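Dear colleague,

I am passing on the structure below, together with notes on what turned up when I went through it. Please have the model open beside you while you read.

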Amino acid sequence: MDYKRWLENLLTGLECEGKIPSLLLHSCCAPCSSYVLEYLSSRFDITLLYYNPNIFPKEEYDKRLKTLKELIMKMDAQNLITLIEGEYENDRFSEITRGYEDEAEGGKRCRLCYALRLEEAAAAAKRLNLDYFTTTLSVSPHKNAEWINETGAQMAEKYGVPYLYSDFKKNNGYKRSIELSKAYGLYRQDYCGCKWSKRG
């Protein structure tokens, strides 16, 4: 599937209908969220979910959350952006990825991590009765957009909330996220999040 074209067609349809639907947007961090919020905030009322139990140590998790709050305050969004903070469940992440500690970055451990976070996003979207859910994860060139979207589709079927297919790195999305990070003075981490990615 051409995820970029799918999303553009959906957005065009919503614009023609004059609709501003609600979106649960899972945020992995402020830099990745910057471009996605710029792109989507004029089309949706956004509930931003910060749920990233993979991030280690807790001080790093808190630093990224603080940076996300700074971004929301600095952005001039056309529609509502609300932040909800998930639980920090690093033990849960460690349990789910047990046995995959030695996997290279981008392998099965990462796919399990996508599923953990996207399931939380889908569950939150259902609980809050929102129209769609998606994630900022695909803005990174280091993330597998096909796996992310396949997982999103599975969670959409499980929870009954439509998933917004996307590949936000397309059309220089990643490049724009770097530009916005500099413009807003955002902290940009140098590893994905878990202790194994930090190990490199």
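The largest nonpolar core holds 57 residues, and within it L40, F44, I46 and F133 touch the most other members. The elements that each give two or more residues to this core are the helices α1 (3-17), α2 (30-40), α3 (58-74), α5 (108-127) and α6 (145-159), together with the strands β1 (22-26), β2 (45-50) and β4 (132-135). Of these, α5 gives the most, with nine residues. Please keep in mind throughout that this is a predicted model.

For a view into the interior, I would start from L24, which is found in strand β1. L24 counts as buried because its relative accessibility is 0%, where the cut-off for buried is under 20%. Leaving aside residues up to four places away in sequence, L24 touches T47, L49, I84, A121, A124, A125, L128, L130, Y132, F133 and T134. One of these partners, L130, is 106 residues away from L24 along the chain, yet the C-alpha atoms of L24 and L130 are separated by 6.7 Å. As for the protein as a whole, among contacts with a separation of 6 or more, 76% are between residues 24 or more positions apart.

Turning to the overall layout, the protein has eight helices and four strands, and their order along the sequence is α-β-α-β-α-β-α-α-β-α-α-α. The C-alpha trace spans about 50 × 40 × 30 Å along its principal axes. The radius of gyration is 16 Å, which agrees with the value near 16 Å that a compact globule of 200 residues would have. Of those 200 residues, 50% count as buried, while the protein exposes about 9,800 Å², with carbon and sulfur atoms supplying 47% of that area. There are 29 positive and 29 negative charges, and the mean positions of the two sets are 3 Å apart.

Some details of the backbone also deserve a look. Most residues other than glycine have a negative phi, and most peptide bonds are trans. The peptide bond from F56 to P57, however, is cis, with omega near 0°, and P57 has its place in the loop between β2 and α3.

Where do the positive phi values of N129 and N171 fall? N129, with a phi of about 60° although it is not a glycine, lies in the loop between α5 and β4, whereas N171, whose phi is near 55°, sits in the loop between α6 and α7 (173-184). N129 counts as exposed because its relative accessible area of 67% is over 50%, and N171 is likewise exposed, at 56% relative accessibility.

Finally, D102 offers a contrast to the buried L24. D102 is placed in the loop between α4 (90-96) and α5, and with a relative accessible area of 73% it is exposed. D102 and N79 are 23 residues apart along the chain, and their C-alpha atoms are separated by 43 Å.

With best wishes

Technical notes:
Residues are numbered from 1 along each chain as its sequence is written. This is a predicted model: local features need pLDDT of at least 70, side-chain atom pairs count only at pLDDT 80 or more; totals for chains, interfaces and linings use all residues. Side-chain values use heavy atoms; hydrogens and water are left out. The radius of gyration is taken over C-alpha atoms; the globule rule is 2.2 Å times the number of residues to the power 0.38. Buried means under 20% relative accessible area, exposed over 50%, partly exposed in between (1.4 Å probe, protein chains only). Contact means heavy atoms within 4.5 Å. Accessible areas come from the Shrake-Rupley method with a 1.4 Å probe; for residues, only the protein chains shown count as cover. Lys and Arg count as positive and Asp and Glu as negative; His and the chain ends are not counted. The place of a charge is taken as NZ of Lys, CZ of Arg, CG of Asp or CD of Glu. A nonpolar core is a set of buried Ala, Val, Leu, Ile, Met, Phe, Trp, Tyr and Cys residues joined through side-chain atoms within 4.5 Å.
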